[in-house]
Structures are given as C-alpha cells and as structure tokens.
Amino acid sequence: MEWTGLNELREKYLEFFESKGHLRLESFSLIPNNDKSLLLINSGMAPMKKYFTGEITPPSKRVTTCQKCIRTPDIENVGKTARHGTYFEMLGNFSFGDYFKKEVIPWAWEFCTEVIKMDPERLYISVYTDDDEAYDIWTKEIGVKPDHMVRFGKEDNFWEHGAGPCGPCSEIYYDRGEKYGCGKPDCKVGCECDRYIEFWNLVFTQFENDGNNNYSRLDHPNIDTGMGLERLACITQDVDNLFEVDTVQNIMKHIIRLAGINYHDDSKKDVSLRVITDHIRSTTMMIGDGVMPSNEGRGYVLRRLLRRAARHGRLLGIDGTFLSEVADTVINENKNAYPSLAEKRDFIINVIKAEEESFAKTIDSGLMIFNQMIENLGSDTLSGDDAFKLSDTYGFPIDLTKELLEEKGLKVDEERFRELVNEQKLRARAAHKGAGAEAWEGSDNAVKGLEKTEFVGYTSLNCDTVIKAVIVEGEQKEFASSSDSITLVLDRTPFYAESGGQVGDVGLIKGSGFIFEVENTTKTHDGVVLHHGIIKDGESVSAGESVSAQVDAETRNATKRNHTAAHLLQAALRKVLGTHVEQAGQLVNADECRFDFTHFSALTDDELRTVENTVNEIIMSAIPVETKEMPIDEAKKLGAMALFGEKYGDIVRVVKAGDFSTELCGGTHAENTGNLGLFKIVSESSVASGIRRITAVTGFNTMKYIYRENARIADTAAALKVSNIADITSKAIALVAELKDTQKELDSLKAELAGNLAKDLVSDAKQVGSVKLICKFVDGLDANGLREMGDKAKQQAENIVAVFATSNEEKGTCSFCCAADEKAVANGAHAGNIVREVARIAGGSGGGKPDSAMAGAKDISKIGEALAGAEEIVRNMVKE
C-alpha cells in the first residue's frame, strides 16, 4: 500500500464511483436544509434523508459524495485525546432503489485492494448475525477467509432509528499491526484498542420498522455507505491519528511556528495544539457555509469553538489574535476540494478576526474576576450565582468556566446556574409582553373554539362581514360600550394580521350606529384574526352584527411598498456583499423598512451606495411583482429564500420580482417595483455581533426625508450666515479652522493666567512639616487648566505641594489636582495618594504619579471640606 495524501484519497474515491455510474455531488452545506432535527450536518447521508424516504426525487439513482461534517457532543474531550475531533469528511456512495449487496460489496473490495492497494490479509469483515446473504458474498464471491469474518448483533451491525427504513450493515476493518494493539492474547476485531480499525460501513437498508420492531422488506432497498476520509488517511499514511494526517498536520505546523514549540514535547501543550487545530478546521468550514457567531443554535457552537481555540492560543503563549492567520492555511489545504473557501477567504478571515478580538476583551476582564472568585472559594465548587455573574455581567461563557475549573480540579454548581438563566429568560419574556400578539394573550384564550378567520386582504381592502365575537379584558361579551378597549373577531376580514415582521393593518369597521377604529391587527396560533381598537363613533358594538370592514388604504399601500423594498434590499445585499447575507429580523410598517442581516462589519459608503443604486435600478425597471401559492418543494426549486422566524406548511406563497428576488412570504406587497417610487437608506448600524441593521424609506416617505434634510441644510446655512447653500461646506471648514485658532489663543491665555495665579498663591504657601502647602479652589477652569496650574506651581518654588480644585455646576461634579516638586517628593509627598484621599472626602476617587495626579468627585458641597483636609493628609505623609 502506497502513502497517499488526504486530498488525493478523496479524489480517488469519487473518481472510482463515478466509473461505476455514480453522479458526483458537491458536499452539501453544513447548515441543514429544511431539517430542524439537526443543528449541523453530522453524516454523509444526513442531507439526503428525503432522497431515501422518497419525499424528493434524487438527481440520480446512484450518487457519490464527500460530505463535510460537524459533530459536537464531546467538545470538552477534543484535544485531551487524539481520537476526538469535531470536524471530519465522510466519503459515501448511495443507491436509491438501484443496486444492492451484490454490487456494493465487490466494489468496496475492489476500491480497497486494487485502488488503495491494501493487503487483503489485513482486511477483516463484520456482518450482522443473521445476514447470511452478505456473509456468502464476502466469502464465496470475494473470497474472504472465514477466519477474517465476524458476526455481530444488533448493537454493532444493524442500523435503525425507531420507525422507518432500517437494515443490517457490514463493516470493513484494517489490521494496523501489533504496534497499535493492546498486547492481550484475545485481541481481535471489536477490541477497544487501535489495532483493528473500522474504516468503512456499508448499510443495507432493506427493511421497514413499524415502530414496534415488526420488520417488512422494502420493495426497493437502498445502499448507504460511509467512510471517514481522515480515518482512511491514517491507514494509508500509517500515522497514529487524524492530527498527524498530512493536511491536518500542515495546519498544526502553522500553530507550532506561531507558538515556538514542538508537538509531543509537552503533553499539556499537545492538548492545546490539538484543540486549536481541530477547532480552526471546524470554524473555517462553518463560516464558509454561512454560519455566523451568535449566542444560540449553530452560531453558539461556532462561537464556543472559536473562543475555546483562542484561549488555548493564550495557554501556548501566542500573543494577540492569530486564528485568522491559521484559517488561511485551512483554506489553502482545502480550496481544491471546496473552491468556495477561496472565494470567501476575506470574509472568513474577517469574521474570525472580529470574533477573536471581541473575545480578547471579554476574557481579560472575565479571567481577573474568575481568579478573584477562586481565591475566595471555600470549597471545591464555584457557586451557580458566581458562574451566572461571570456569564451575565462579564460575558464569560459557562463552558469556559467549567473547563478552567476542571483544570484546577474544581467544579461548578451548574444546576443553580441553569436555574438563574431560566429566571432571566422568564423576566425577559415578561418585560416584552405588551407588544404585538403576546399583549393579547387573554384574547387568545377568549377565542378558543372559534374557526380560523378567512383573509381576503390580498385582493381587497374592504369587505362585508359579521362580528363573530366581542372581547373585553380577555373575556367574550355580548356587547361592548364606547368606554371599553375592545377586540373584535370577524367572520372574514381584509385586515392583515401582524406577522413575518410586517405590522398589522389599521382602519375602520362600520356597523349600524357605530364606527370602530382598528388600531392594530394580530392573530392567534390557530389563525383567528383579532382587531384591536375603540369605538370612534356610537355607543356600543354587539356580536352577530353585520358590518363593513375597511383597511386604511394609504397606510397599507405604504407598508406594501416597504415590504417589497425589504425583499429587494436582501437580494441587493446578497449581490453586493455575498451570499452569506441572510435575514436576521425585520420590521415593516408604513413609515420605514428596517432590515437586520448577517454581516461581519459596517458597510462602507461605497457599499451602501451600490446597494441603494441596485434597489433603485430594479424599481425604475418597473418589474411586476408576482405572488403565487405552490408546494414548498416546487418553491425551493425556484430558489425561493425562506425568511427569519417563519414556519411554512406544505403549500407556500412565493413573492417574485423578476429574476432579481424570489422569497417565501405571507405578507402584502406592491404590484410592481415601480410603485416604490424611490428607495433611500437612512441609516446602517450594528445590532449584535455579526448582525447589521439598515433602515430605509420608500415612496412619499422618501420625499418627506428629502424635505426634512433640505430644511436641515437650509437651517444650517442660515446659522452659518451663508446665502448660497453650495458654500456650506467651505464655510464650515473655515469656521472650524477659526475655532481651532481661537482655542489655541484661549489655551495660551489660560496657561498664562494659571502661571500668574500660581505665582501669587506660592507667597501664601503654608509650612506643613518639611514641605510648603498651597490649597485653593479655582473657578472657571477645566481639568486641563487645573493640571496646568499644578505644573506652574511646581516651577515657582522649591519643596512645594499644591492642591487645587474646580467644579462643573452643570454636571454637578468637581475635579482635584495635586502637584509636588522633586524635593517635596523626596521629603515623602506623593501627589497620587494625596489627591485620592482629598477626593474621597468629597465622595470621589483618583490617583496618579508621585509628582502629579488628578481625581474627580460628585459632591460639590464638600469641596471646601476636602481642601481643608489636605493639610492633615500631607502632614501625616511627609517628614517633620
């Protein structure tokens, strides 16, 4: 068997199965597509579940892939041994009702012995206890010796997960030789040691489990195989573990160079090297597939891995940020197999760098507090309250706290920590009640049993309908009076209920003798639409009345324009910034479009202009906006994007603006992009780490924005006394320059005044012990002026200690300065200690060097008392 590199092994495998009529598919994204059971793809077959179940027709009945995978159940163990890793690649060949055992077993043997050239004598095969068919193929057709065959039970050689397709499997083992063995006389296939390594699993999906362990044969059995690429490389390269495989070792060597150490010299440092090597592989791949750091879900997994790697870098003595540099090596080692890594190189590196810099700030303050807690620890357990304080106040993750404690042989009261986290969540939920549908929870309970409201608002803004229920203070009533805050439920409605980031409609409901003003519209989980508002005209409203429902057209149309703008904005952002941009939240109302999205840095002025111009080009192209309901699978084939916070059924509504934007959306939209008039971005800001926010306006709101800005410019011109608005900039520049010159003159005069004042005060200095002391309140100076006075006082006389104070009446604060010349310092005076004690009398604090120091305080009324106390403070400090 020849030494073969990991990248070459991947290609050999895929080419081999292409020669057997398989379609080579690219690795699916690590982010599962429409599979909420997984945070991240963790096996070769995971992205193809629906091919196996028949929900989606595969592109070919024979498929081969090399799938990127992440598994994170034992992150804490990664690095401690060389066996554990979070990232790996899984080679696989799959049959969807095409070939079966008679084909796949010979192919597996051919690949191992003829392509990789493994010694047949070193190969061992396991089959399921009752799978005589597979056993006979291996022994009678392939010629594997019976003493190289093993039968195992369900636990080892039968693949199933509850009800559904399942079947026996056959595993291929490689005997790595006695040097990898445990030395026991009964060492054999199945032993826990590293001698017999299982590297390829062939799953024969031939049964259907009804959930009660009753099995029936499938009409069209499937094949699902999986072989760990790194594990295969360990065999072909004859190395101990994945960290010594060529491409992985090249990544580790980069870290070794940065740390200035060697692998295998120090067991503790080896742990850190393995942690960083594994985690930077995982995080580079995750970011490349669009995962962004956050505090929940897959984003939290990413953040946790990055921060754990960053901390282990510190343990190795690596100064500053370094992970982004190592990520570059990860990209270079993998770019031929995954070209998108090279395309997204800058983005990946910037995300990692930003997260590492953020964590550096967190860990410094957190470690200091953590160490103080450990010093005062009276047992072997850190309290849950302290752990929560570290997490909540200092941003120190619980996982890091646990790991640091473990290194010291300590533990944490995690149960109490989780209790406090849950309490915080409950408080947060309570604080948010009163907005949106949650504010109407009582109404939700009051409409139980009512049928889903028919919505006619996509095609009409008014309709005749009937009041099905009148709700006051969370209870159904026969009628309500004009003094009540009321919720009405209608038989059918044109009012759009708040959903998907679009606010609820407003308008009027008119009946015989009353007009009801709808101030907001929400809906229950069961689809009952709730119209909240007050009686605007009339005395009462009753259940069962026939009414006319009328949506406010101006408000709805403005909201429609902004919702369509949000779709166009997302498409433009993805075009300009990259496909990593995904919606992270939105608010669409009549006034503005507020769109949150994933991106690692603030947009430049050029990027904002390009995005804005791109949207306006689509608006000016007057493209029809089409809406159509269709099966969700058909929508996905169109490339429709699923949006934040939305849950979709089998039939979805697709909103399409030509070829520019296609999204799944239940909101209301303009009929044509030209209806938006003009799109203007008014702000761009950060919402959270990796999340940006753009606020924009359309239609008449754009004109209002322009009028408002024009008025501001006109007011500025008037204030600057500029007749021609075009001269504002030059006038402002000239005025700033003039102010700087004036400030310089003022500073010079203040310095001269301070010098003269200090000179006058020195003559009044009082002998205190071995030094002369000046104490004086000086009005009208800022902190800099006060410091200048102190410096001048030192120049006027020898052996002098000067304490000055000033105040800021507007802020209600005061400042103190203390200065001591060289001789006074030699006699024991210390300006920093003096000013700290003086300021403390006025409720302040401060300090500094022996010859010059500043302090601040909040109690202006005690300035005099503080200055008076300076004499005693100095007397106790200096020589007699």
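Start by selecting Asp186, which sits in the loop between β7 (164-175) and β8 (196-209); helices (H or I, at least four residues) and strands (E, at least two) are DSSP runs, numbered from the N terminus. What you have open is a predicted model, in which local features need pLDDT of at least 70 and side-chain atom pairs count only at pLDDT 80 or more, while totals for chains, interfaces and linings use all residues. Residues are numbered from 1 along each chain as its sequence is written, and side-chain values use heavy atoms, with hydrogens and water left out.

**Stop 1: Asp186**

Is Asp186 buried or exposed? Asp186 is exposed, at a relative accessible area of 55%. The cut-offs are under 20% relative accessible area for buried and over 50% for exposed, with partly exposed in between (1.4 Å probe, protein chains only). Now add Ser748 to the selection and draw a C-alpha to C-alpha distance: the two residues are 93 Å apart in space and 562 residues apart in sequence.

**Zoom out: the whole chain**

Since that line takes you across the model, have a look at the full chain. Its C-alpha trace spans about 115 × 90 × 55 Å along the principal axes. The radius of gyration is 37 Å, whereas a compact globule of 880 residues would come out near 29 Å. That radius is taken over C-alpha atoms, and the globule rule is 2.2 Å times the number of residues to the power 0.38.

Colour by secondary structure and you'll get 25 helices and 35 strands. Of the 880 residues, 49% are buried. Switch on a surface and about 42,000 Å² is exposed, with carbon and sulfur atoms supplying 47% of it; these areas come from the Shrake-Rupley method with a 1.4 Å probe, and for residues only the protein chains shown count as cover.

Next, colour by charge. There are 104 positive and 139 negative side chains, and the centres of the two sets lie 3 Å apart. Lys and Arg count as positive and Asp and Glu as negative, leaving out His and the chain ends; each charge is placed at NZ of Lys, CZ of Arg, CG of Asp or CD of Glu.

**Stop 2: Ala163**

Back to the β7 end of things. Pick Ala163, in the loop between β6 (158-159) and β7. Ala163 is exposed, with a relative accessible area of 54%. Which residues does Ala163 touch, not counting those up to four places away in sequence? They are Asn209, Asp210 and Gly211, where contact means heavy atoms within 4.5 Å. For a longer look, select Leu577 too: its C-alpha is 44 Å from that of Ala163, and the pair is 414 residues apart along the chain.

**Stop 3: His264 and Asp278**

Move on to His264, in the loop between α7 (246-259) and α8. Check its backbone: phi is near 80 degrees, a positive value in a residue other than glycine. His264 is exposed, with 54% relative accessible area.

Follow the chain into helix α8 (residues 267-288) and stop at Asp278. Asp278 is buried, with a relative accessible area of 1%. Show its neighbours and you'll find Val78, Gly85, Thr86, Tyr87 and Phe243 touching Asp278, not counting residues up to four places away in sequence. Leu242 is 9.5 Å from Asp278, C-alpha to C-alpha, and 36 residues away in sequence.

**Stop 4: Gly677 and Lys721**

Select Gly677, in the loop between β27 (661-664) and β28 (679-688). Gly677 is partly exposed, at 42% relative accessible area. Where does Gly699 lie relative to Gly677? Their C-alpha atoms are separated by 4.8 Å, with their positions 22 residues apart along the chain.

Then try Lys721, in the loop between α20 (699-719) and α21 (728-762). Lys721 has a positive phi of about 60 degrees although it is not a glycine, and counts as exposed at 77% relative accessibility.

**Last stop: confidence**

Finally, colour by pLDDT, the predictor's confidence in each residue, from 0 to 100. The chain averages 89, and 96% of the residues score at least 70. Select residues 431-443 to see a stretch where pLDDT stays under 50; the model has 17 contacts there beyond four places in sequence.
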